[in-house]
Amino acid sequence: MKAALVLETGKILLGESFGATGESFGEVVFNTGMTGYQEVLTDPSYAGQIVCMTYPLIGNYGINRVDDQSEKPQVQGFIVKEAARNPSHWQMEKNLSRTLAQSGVVGIKGIDTRALTRIIREHGVLRGIITTELEGLQEIVSRLNNLSVPTDVVARVSTSKTYTLPPMSMEKEILHVVVMDFGIKRNILQAMQESGFRLTVVPHNTPTEKILNLQPDGVFLSNGPGDPKEVATGIKTIQGLVGERPIFGICLGHQLLSLALGGDTYKMKFGHRGGNQPVQDLTTKRVTITSQNHGYAISEKSLEQTPLYVTHRNLNDQSIEGVKHRDLPVFSVQYHPEAGPGPSESLYLFDEFAQLMQEWRAGYAS
Amino acid sequence: MPLNPAWKKVLVIGSGPIVIGQAAEFDYAGTQACRALREVGLEVVLVNSNPATIMTDVQTADITYIEPLLPEVLERIISKEHPDALLPTLGGQTGLNLAMELERKGILERYGVDLIGCNSETIYKAEDRDAFKETMVSLREPVAESVIVNSLEEGEAFARKQGFPLIVRPAYTLGGTGGGIVKTSKQLEEILQKGLQASPIGQCLLERSVAGWKEIEYEVMRDAADNCITICNMENIDPVGIHTGDSIVVAPSQTLTDVEYQMLRASSLKIIRALGVNGGCNVQFALNPVSREYVVIEVNPRVSRSSALASKATGYPIAKMAALLSVGYTLPELTNPVTGHTSACFEPALDYVVVKFPRWPFDKFPAADHRLGTQMKATGEVMAMERTLEAALLKATRSLEVGTVGLRIKASGGWTEMEIEDKLTSADHERFFAIPEAFRRDWTILEVQMLTQIDPFYLYKIKELVLLEQRLQNEPLTTELLSLAKVLGFSDLAIAKLTGRSEETVRAMRMDSGIIPVYKTVDTCAAEFASSTPYYYSSYEEEDEGKISNGSKVVVLGSGPIRIGQGIEFDYCSVHALSALQEAGVEAIMINNNPETVSTDFDIADKLYFEPLTIEDVLHVLNKEKADGVLVQFGGQTAINLAGRLKLAGVQVLGTPVDAIDMAEDRERFAELLCRLDIPQSEGRSVTSVSQAKKVAEELEFPMIVRPSYVIGGRAMQVVENLDQLEDYLRRAIHLSPEHPILVDRYLDGKEVEVDAVSDGETTVIAGIMEHIERAGVHSGDSLAVYPPQSLTPSEIDQIQDFTCRLAEGVGIKGLINIQFVVVRGKVYVLEVNPRASRTVPILSKVTGIPLVNLAVQVSLGKTLKEMGYTHGLAPEVPFVVVKAPVFSFEKLTKVETSLGPEMKSTGEVMGMDTQFGHALAKAFAASRIPLPEDGNILVSVAEKDRPEAITLARQLAQLGFGVKGTGDTAKALALCGVEVEVVNESSEALQEAVRQREFSFILSTSTQGAPERTGYLLRRLAAEHGVPCFSSMDTAKAVVRALQEIRSNTVPQVLSLQEYLEI
């Protein structure tokens, strides 16, 4: 079956349908990862977005039971050059196309994804619709102009109920961390469990007191989709937490922390999505290759008015990749130390978080 | 950390001659490194014995030594040049081994030279099997259970404990020389024995075989501040068991989940950190196809064939960066040269599929053992990029120039089911083509998977291509089907054959429907950032990114994969052609498909198209670029062969006109021309039948040289001594090439010489005459050759000069011409004219300072030699001597007959330079890894006709203090003439033992040409496998004696740089 990708610019790219049929609207972004499509699909940070994979062969190793980052595909649509028809892997449970079809994700294949990526690079991310209904595509273009990206994506992907997870390391001291779920990836939960944390995962709109009542050793601010400025309740909660507990934020959590402390964020032209972003630690000068998925970033100037200072930068565009509080045990990074997909060399940040919590606990006790 | 101020002068070691396992990739790496180091203001001293390289050009390094890569030579260079640092990691295994020796001998310490890039401890940890294992264990990185053995007994003990299959890996050898997989005690005995001898330290690793696991490689880099990045990972389609150099490789990996990808990436980074490499490193893994279990197979703490491939596959210039890191720069300080504005400290993202396919030399060695295993046998490789795996595979196979049509080779249709099964199981060079053939005969994926252990992912892809083949055969060729076939990579020729049309018809259909490829950029970043590097590949996709300029531009056709007879020298010529075009203000565009070369480096041409060199692919580029013309004379026979069809397609072929090329290559026309010019030629005929041949045999005398028409490197050429041999040859040869006649020439027993010249039709500049040391009958590529000639008379030189000038003008050459002559008793005959660059162009250009390629390009663009300041005739001789020596890879190619003949067998060459002929000769031998023995015994076993000369030689050797031994009749003949000779036992066991025990310092064994001669063949093979020098030509042996006499003469060889020689 034929399918079309219609962009807000009026550009129409024709391809073939795979996954679910129908129509899907979202913000079209690209990801440069050569592996890890399953993790991308199921990463809640992609809620509301149509993801174009720049690597042309997607689905080669099928979909397995273990690499999901949430319980279902979260992307609004999926664009590939080629979706593997005959995947092969010992862990494979089903193929990509069937997985998308089952979860209602509209996909399009046979697209010159490099050409599309170049459009996004030049134009910035743009709104688009994938449709398997090829009649009246022009009408879609005009409709696109009136559609806007939903503002409640965090609420859609956050847990609605509080739940707990046990630590998964016997060697480390057990620390209790409250996780604010703005659309968290499983790998983050797993990385923290492996760091010896006992986790209480709370909904995005949990108030400060409720979190403090849980008596955590620290609070973690998760990744998530959309514009950080729309997560008003979260920002408010964080404002209350700063100074009360050690805080560690990743991605959206990092942006929310800055907003909570008086900083500002801006929408990037096309963001960073992939597993090859170089980030330099400004203290050690060491560079790590990081996994990233964000379309917003902290604006440099805005930090002047805040107690935050920049600890990490992206080597390609010098954008802010990490901040720390001048006085308090509060820090965050824009990238994804938990990997999944992407390099795992930044996992040490969870240990740093653990250390802050231990120090805080020691100080609190005395 | 920027540049370390302690280092101002850096010594770079090259990798020496091209041999199997160490090829052009090190010219690419070394050249990039020298340029990078000079760009940051360092003085670079280069040592390499290989004259056919760009790196040994006077322009590449500040000071260039074309000298043997031996510790004593390096010591003399170090004591003269006083470099501050030595960079060994760009010179392959040769570079590392040499650095280790210099360190061990205390030479580096004595002269205060720092080893940079990686220290000796790193080399030791990576190369010494025991130390390697220990390092991996300490890192908790898994390795296959193994044991280091120094004897057969130790090996047998391990086998009893561990069981079979086991892998034997000799320590410190190139390309896994001497190793293999063993499944029985008998195989263990045979292979371990050989491995122990192949290893310079007599040591082998025996390990549990993980054959059948996925073979995955990572190219990683590290700087002194411990920043590490992965450049590329690669997956071998052929699982563990076949040397990675002989495997079909894809990049990036296709069948690994992100978890697996990151697991192995993390392991690679851990390893490079632990080894402390400052630069590039290659890590090879075996990954269990049904679990996450993996083992580290091998680590190379240097740039390698794989890193060259990774560089070309991603665009990321590994060698350049490695060189900069070695002198103190850190990755975050450097900019990605491909984008020009983002950080070099990142990991490339590909948005295309890369396939590397090996090129094997079995077309030249039909008798060789064709099975693939842990010992590498390929001489070269091709790379292809596309947006689908299928298309990349098909591009790669058609780049090989082995007569593939789609997924078929000539033989594949005729294979029996048994043959297919055998090829799939025991893996020979045709295995890949046996897979589609199996599917054509309805074998299942599972069956093929069981036999090959290739991941079904790849098998399905091949199966899809076979299904498409069937559609093309059975369905009408609609635009849609045609388009699909192009997207999946079928050539017009393949579609034509499958649909019963002509290639031209398919092309016309395509053009009518607008089905043409677009060009995509290789930018290291999957289009995330704008890129400034014009590096393209074609794809049947939507958007074309190529930016076409309006200025004048010329396309240079490269020479494709390195093979015997067409090696790195043509890449040298292509690179010079590009820079000559740039010098002339013309946009220089390169088309080539060899990832190992300098010509495919990202910043050599103004534009690089990484494409197959077929008429279809080349025309696409030419049409797209609307180039003013194309240069075909620098890319060897590959490029020349396209000239006619390019012209037919309306392309302007610059330089020597197509008709002139044809005249030089067409026997009849050429003979007519010679007749008209009154230039003597060895008598010859062309025949198409056995009866015709018999008639010719009556007219000409034996011996005769026979060969098919239009050949590369004397392929399938042979000297026949009688009618029986002639008939036998014809029976086999006609099967080889049905469309073309067989050429029969009278064999002239004389001195062979060759010239390289450049002509504009009026002025012909002869750079020099090279005299071959072996008499005619030995292929020029396999001969020792000396310049200036040592034994030609003025009259002979006059004739050569006269014939060359008249031939160049008579043929209508506009550019380069190479002519081979034979001189018989003062009379010069023409053997062959090549209207193109030749193997000797780099040598003569370097030593005479006459930029042959540049002149040829300028002439092709319309300039005259006169206006460039050159005069007609033979250029003045240089006041020093150079000797070119061939280098063979016989130890890698089991069962190949090593005796020299008209068929070329060498894979590479070296050059010796000195002011004295004898020393130049001795250096050439030393550089070609034939150490001239100082004492011991020589074994003489020669054909009857060679015995008179053997007697003289034996006497001279005896005078030099050698003991003389001989086989049966040879010994008798020697004894009769009063030479003191010991008769050796000729039984194969005794000979084997004697060679193994190094009873002979060298062997002189000539072939009786055709007559069954088990002893000779056996001796030569034994010598090759055990590294005993063996000479199969009396002339080579005489040269050896001459060199030995020189060494004993108490004169000291020169240590002069190329720049100094040119100043003499």
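## Active site, binding sites and interface in a predicted two-chain model

Q: Which residues does the UniProt "active site" annotation cover in chain A of this predicted model?
A: The record here is an unreviewed UniProt entry, and the model itself is predicted. Its "active site" annotation covers A:C251, A:H336 and A:E338.

Q: What is the largest C-alpha distance among those residues?
A: In sequence they're spread over 88 residues. In space, though, they cluster, and the largest C-alpha distance is 11.3 Å.

Q: Where along chain A does A:C251 sit?
A: Look just past strand β16, which runs over 247-250. Helix α9 takes up 252-260, and A:C251 is in the loop between β16 and α9.

Q: Is A:C251 buried or exposed?
A: The cut-off for buried is 20 or more other C-beta atoms within 10 Å. A:C251 has 29 C-beta neighbours inside that 10 Å, so it counts as buried.

Q: Which residues is A:C251 in contact with, leaving aside its neighbours within four places in sequence?
A: One of the partners is A:H336, which also carries the "active site" annotation. The list for A:C251 is A:S45, A:N223, A:N293, A:H294, A:Q334 and A:H336.

Q: Is A:E338 buried or exposed?
A: A:E338 is placed in the loop between β21 (330-333) and α10 (348-365) of chain A. With 25 C-beta neighbours inside 10 Å, A:E338 counts as buried.

Q: Which residues is A:E338 in contact with, leaving aside its neighbours within four places in sequence?
A: Sequence neighbours within four places don't count here. What's left for A:E338 is A:K185, A:N187, A:I188 and A:A191.

Q: Why is α9(A) described as largely enclosed by the rest of the structure?
A: Go through its buried residues and you get A:L252, A:G253, A:H254, A:Q255, A:L256, A:L257, A:S258, A:L259 and A:A260. The helix is largely enclosed because nine of the nine residues of α9(A) are buried.

Q: Which residue with a positive phi follows α9(A)?
A: Check the backbone after the helix, where phi is near 100°. The residue with that positive phi is A:G262.

Q: How far apart can two C-alpha atoms of the chain A "binding site" residues be?
A: The unreviewed UniProt entry places this feature at A:S45, A:G224, A:G226, A:L252, A:Q255, A:N293, A:G295 and A:Y296. They span 252 residues in sequence, yet they gather at one spot, since no two of their C-alpha atoms are more than 13.2 Å apart.

Q: How many C-beta neighbours does A:Q255 have inside 10 Å?
A: A:Q255 is part of helix α9 of chain A. Leaving aside neighbours within four places in sequence, its contacts are A:P228, A:T265, A:Y296 and A:I298. A:Q255 counts as buried, and its C-beta neighbours inside 10 Å number 31.

Q: Is A:G295 buried or exposed?
A: You'll find A:G295 in strand β18, residues 287-298 of chain A. Its contacts beyond four places in sequence are A:V29, A:V125, A:K267, A:M268 and A:G271. The cut-off for buried is 20 or more other C-beta atoms within 10 Å. A:G295 has 20 of them, so it is buried.

Q: Which element gives the most to the side of chain B that touches chain A?
A: The contact takes 45 residues from chain B and 41 residues from chain A. On the chain B side, α9 (258-275) and α16 (456-474) each supply at least two residues. Seven residues come from the element that gives the most, α9(B).

Q: How many residues on the side of chain B that touches chain A are nonpolar?
A: Twelve are charged and nine are polar. The nonpolar count is 24.

Q: Is B:E298 buried or partly exposed?
A: An unreviewed UniProt "binding site" feature includes B:R129 and B:E298. B:R129, in helix α6 (residues 129-138), counts as buried with 22 C-beta neighbours inside 10 Å. B:E298 lies in strand β14 (residues 294-300), and with 17 such neighbours it counts as partly exposed.

Q: What is the radius of gyration of chain B?
A: Chain B holds 37 helices and 39 strands. The globule rule gives 31 Å for 1064 residues, and chain B comes out close to that, so it is as compact as a globular protein of that length, with a radius of gyration of 28 Å.

Note on methods
Residues are numbered from 1 along each chain as its sequence is written. Chains are lettered from A and ligands numbered from 1 in the order in which they are written. This is a predicted model: local features need pLDDT of at least 70, side-chain atom pairs count only at pLDDT 80 or more; totals for chains, interfaces and linings use all residues. UniProt positions are given in the numbering used here, feature names are shortened, and annotations may be inferred rather than shown by experiment. Helices (H or I, at least four residues) and strands (E, at least two) are DSSP runs, numbered from the N terminus. A residue is buried if 20 or more other C-beta atoms lie within 10 Å of its own, exposed if 12 or fewer, and partly exposed in between; C-beta atoms are placed from the backbone. Two residues are in contact if their C-beta atoms, placed from the backbone, lie within 7 Å. Ala, Val, Leu, Ile, Met, Phe, Trp, Tyr, Cys and Pro count as nonpolar, Asp, Glu, Lys and Arg as charged, and the others, Gly among them, as polar. The radius of gyration is taken over C-alpha atoms; the globule rule is 2.2 Å times the number of residues to the power 0.38.
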